[in-house]
Each structure stands twice: as structure tokens, then as C-alpha cells.
Amino acid sequence: MIKLEQLSIKDDYKVYEMLQRIGSCENEFKNTAHGISYEEYLEWLKIQDDWSRGENLPKDYVPQTIFWLFDDDVPVGFGKIRHRLTNYSREIGGNIGYAIDPYYRGKGYATKLLALLIDKAKELKVNEILLSVEKYNPASKNVIEKNGGKMISENEYRWYFSFD
Ligand SMILES: CC(C)(COP(=O)(O)OP(=O)(O)OC[C@H]1O[C@@H](n2cnc3c(N)ncnc32)[C@H](O)[C@@H]1OP(=O)(O)O)[C@@H](O)C(=O)NCCC(=O)NCCS
């Protein structure tokens, strides 16, 4: 069964291992847990948990919540929801990002993950959802279009999509 689980300070080694398989920055999606030790990961979880509640945020950051995509008890990817858009995220990335463990790509997981993230964003009362995709990432463009994203603009480097 596919489900979304919010990051918790109790997350374990399975999630840590997935985070090590996803690159630190793939197509502008940042995975700041890549390459850190397990002990650092336990601290990282606490920081992310704080940020989700808007606590101890670095300057200019907005609250953001991380969700793991599980297929049964296997973590296969993760997504990030920023609760508000900033000038930076309007230009690069938008306020929802996602990545799938390379081992599980091409199986439809990102399409399901984005659908669940959009539902969560609505629960979190995010009032505007914007995603940008680099023009050399057709897989992500497909994921967005299959979830009803509407292309609202483009430039030399990126397409921009909004959701109702
Ligand atoms: C982009 C990414 C999330 C896609 O994950 P995924 O689970 O493999 O995606 P899905 O299996 O749901 O496939 C989505 C669609 O893209 C298509 N696709 C996959 N790879 C493709 C490629 N290289 N070129 C064109 N389309 C591609 C799939 O065929 C599928 O469309 P279909 O169902 O109509 O066949 C994954 O590659 C990833 O994590 N990349 C690194 C991080 C990233 O780019 N995040 C998005 C930033 S905007």
C-alpha cells in the first residue's frame, strides 16, 4: 500500500539509506541529508521537524514539511512542501519538490507522490502551488502534467506550472 508519512524525529535507518541513494542536488531538488553520517542524520531530523512548525528557521526561510513516500514499509522517495512561496522559490523550484530513490524510478511513484503532496499542501492551507522544472527534466514535466499542472510561463531554462 502506498502512503505518505510526515518526517519524524523517530525515523530510522531505512529512511537514512534512501536519502544516501538520492543525490545532494538533482535537477535543482536539494537533499541536504545526502552524505551525512547517521548521527548527523538524527540531528538533521530534529532540525527538519522544527522547521515544519516554523521554529528555528534560518533567515529568509519559510516553514517547510518533508514527507516520505512508503510502499508498504519501504521508503521509495520523498517530497518537500514549503508553506509559502518566496521570491526565490517563485523563480527556482516552486513550493513543492520531490525525488524518488533511483532504484525505484520509472515505476509511477513520482506521479503518485505529487498527487499526495498536493492533497497535503491543501490540508496545510497552502494557498498557491507553483512548480518549476528545468527543460532537461521531461520525466518531471510528465509527472506534473499527469497531476493536472497548468503551464503558466516558461523561459530559456524552465517551465512553470500552477495547480488549481
Ligand atoms: C523526476 C523523477 C521524480 C521521476 O520519478 P519517477 O518515479 O521515475 O516518475 P514516474 O515513474 O512517475 O514517471 C513519470 C513519467 O515520466 C516519464 N519518464 C520517465 N523518465 C523519462 C525520461 N527520461 N524522459 C521522458 N519521460 C520520462 C515516465 O514514462 C512517466 O510517464 P508515463 O507514465 O506517461 O510513461 C525522478 O527521476 C527523480 O527523482 N529525479 C531526481 C529529482 C528530480 O528531478 N525531481 C524533480 C525536480 S522538478
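The exercises below work through the annotated span, the ligand shell and some aromatic pairs of this structure, which is a predicted model.

**Exercise 1.** Find which residues UniProt lists for the N-acetyltransferase domain, and describe the make-up of that span.

*Solution.* Begin with the record: an unreviewed UniProt entry lists residues 2-164 under "domain: N-acetyltransferase". Then turn to the model, where residues 2-164 are 33% helix and 28% strand, and where the end C-alpha atoms of the span lie 24 Å apart.

**Exercise 2.** Work out which helices and strands supply at least two residues each to the shell around the ligand, and how the residues of that shell divide by character.

*Solution.* The elements that meet this condition are strand 6 (96-100), helix 4 (109-123) and helix 5 (138-146). Helix 5 gives the most, with six residues. Sorting the residues of the shell by character gives eight nonpolar, eight polar and four charged. Of the 20 residues around the ligand, those that come nearest are Tyr-98, Gly-106, Gly-108, Thr-111 and Lys-146.

**Exercise 3.** Identify which atoms of the ligand lie by Tyr-98, Ala-110 and Lys-146, and state how much of the ligand the protein buries.

*Solution.* Take the backbone first: a backbone N or O atom of Tyr-98 lies 2.8 Å from a nitrogen atom of the ligand, while a backbone N or O atom of Ala-110 lies 3.0 Å from an oxygen atom of the ligand. Next comes a side chain, since a polar side-chain atom of Lys-146 lies 2.4 Å from a ligand oxygen atom. Finally, the ligand taken alone exposes 950 Å², and the protein buries 70% of that area.

**Exercise 4.** Explain why the aromatic pair of Trp-51 and Tyr-61 ties together separate parts of the sequence, and decide whether each of its two residues is buried or partly exposed.

*Solution.* A search of the whole structure finds 11 aromatic pairs. In one of them, Trp-51 and Tyr-61 are 5.1 Å apart from centre to centre with 70° between the planes, and the pair is edge-to-face. Trp-51 lies in helix 2 (residues 38-52) and Tyr-61 in the loop between helix 2 and strand 4 (64-71), so the pair joins parts that are 10 residues apart in sequence. Because buried means under 20% relative accessible area, Trp-51 at 13% counts as buried, whereas Tyr-61 at 42% is partly exposed.

**Exercise 5.** Characterise the aromatic pair of Tyr-104 and Tyr-109.

*Solution.* This pair is edge-to-face, with 6.1 Å from centre to centre and 85° between the planes. Tyr-104 is buried at 19% relative accessible area, and Tyr-109 is buried at 10%.

Key:
Residues numbered from 1 in each chain as written. Predicted model: local features only at pLDDT ≥ 70, side-chain atom pairs only at ≥ 80, totals over all residues. Heavy atoms only, no water. UniProt positions renumbered as here; feature names shortened; annotations may be inferred. Helix = DSSP H or I, 4+ residues; strand = E, 2+ residues; numbered from the N terminus. Near = heavy atom within 4 Å. Polar contact = N/O pair within 3.5 Å; in protein donor to acceptor, adjacent residues only side chain to side chain. Areas by Shrake-Rupley, 256 points an atom, 1.4 Å probe, with all protein chains shown as cover. Nonpolar A, V, L, I, M, F, W, Y, C, P; charged D, E, K, R; others polar. Phe/Tyr/Trp six-rings, centres within 6.5 Å; stacked < 30°, edge-to-face > 60°. Buried < 20%, exposed > 50% of the residue type's maximum accessible area, 1.4 Å probe, protein only.
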